[in-house]
Amino acid sequence: QVQLVESGGGLVQPGGSLRLSCAASGSILRINVMGWYRQAPGKQRELVATITNAGSTNYADSVKGRFTIARDNAKKTVYLQMNSLKPEDTAVYYCNAGGLTPRLLDFLSWGQGTQVTVSS
């Protein structure tokens with residue numbers, strides 16, 4: 001079983017910054033991809049950014065140039081630096097990780113979510 005614990009959400013004014021963190025723990029041999037998704041009220045969950053264990057990144061068009069995803073493989077942790085935040089970035093942000101357990105079974109886990117609110 002793999003657990004993901006997020007932290008760093010909160011209330012910020014438009015134009016401000018926040019940094020989200022997500023730490024993975026449990027039966028992990030390798031984490032291939034880690035990412036962040038978000039879900040605003042009344043909307044479907046959407047991709048924000050992903051990063052592979054080799055460091056390749058992918059971003060939603062709406063956050064390119066403002067958000068940066070990074071990971072520390074030794075700490076099994078992924079970060080999301082969010083700058084120039086806009087009210088439309090308000091959502092619950094979920095961490096996601098996929099990889100392999102020591103028994104060579106695939107896993108795909110989600111965190112519990114952390115609220116990000118951008119408002120003046």
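Where is T101 found? T101 lies in the loop between β9 (91-100) and β10 (106-110). The model is predicted.

**Overall build**

The secondary structure comes to 0 helices and 11 strands. Read along the sequence, the pattern is β-β-β-β-β-β-β-β-β-β-β. The radius of gyration is 14 Å, close to the 14 Å that the globule rule gives for 120 residues, so the protein is as compact as a globular protein of that length. Taken along the principal axes, the C-alpha atoms fill a box of roughly 50 × 25 × 20 Å.

Buried residues make up 43% of the 120 residues. Take the contacts between residues at least 6 apart in sequence: 54% of them join residues at least 24 apart.

The accessible surface comes to about 6400 Å². Carbon and sulfur atoms account for 48% of that surface. The protein has 12 positive and 7 negative charges, and their mean positions are 5 Å apart.

**Two alternating strands**

β1 and β7 are set out below.

| Strand | Residues | Buried face | Other face, not buried |
|---|---|---|---|
| β1 | 2-7 | V2, L4, E6 | Q3, V5, S7 |
| β7 | 67-72 | F67, I69, R71 | T68, A70, D72 |

In β1 the side chains alternate, and E6 is on the buried face with V2 and L4. In β7 the side chains also alternate, with R71 on the buried face beside F67 and I69.

**Their partners**

Which strand pairs with β1 in the antiparallel sense over 6 bridges? The partner is β3, residues 18-26. Within β3, A23 is the bridge partner of V5. V5 points to the face of β1 that is not buried.

β7 is joined to β8 (residues 77-82) by 6 bridges, and the two strands run antiparallel. T68 stands opposite Q81 in β8. T68 belongs to the face of β7 that is not buried. β7 and β8 form a hairpin with 4 residues between the strands. In that hairpin, K76 takes a positive phi near 50 degrees.

**Back to T101**

Is T101 buried or exposed? T101 has a relative accessible area of 12%. Buried means under 20%, so T101 counts as buried. Which residues does T101 touch, leaving aside its neighbours within four places in sequence? T101 is in contact with S27, L29 and F107. F107 falls within β10 (106-110), one of the two strands on either side of the T101 loop.

Methods: Residues numbered from 1 in each chain as written. Predicted model: local features only at pLDDT ≥ 70, side-chain atom pairs only at ≥ 80, totals over all residues. Heavy atoms only, no water. Buried < 20%, exposed > 50% of the residue type's maximum accessible area, 1.4 Å probe, protein only. Pairing = 2+ DSSP bridges. Rg over C-alpha atoms; globule rule 2.2 N^0.38 Å. Contact = heavy atoms within 4.5 Å. Areas by Shrake-Rupley, 256 points an atom, 1.4 Å probe, with all protein chains shown as cover. Lys, Arg positive; Asp, Glu negative; His and termini not counted. Charge placed at Lys NZ, Arg CZ, Asp CG, Glu CD.
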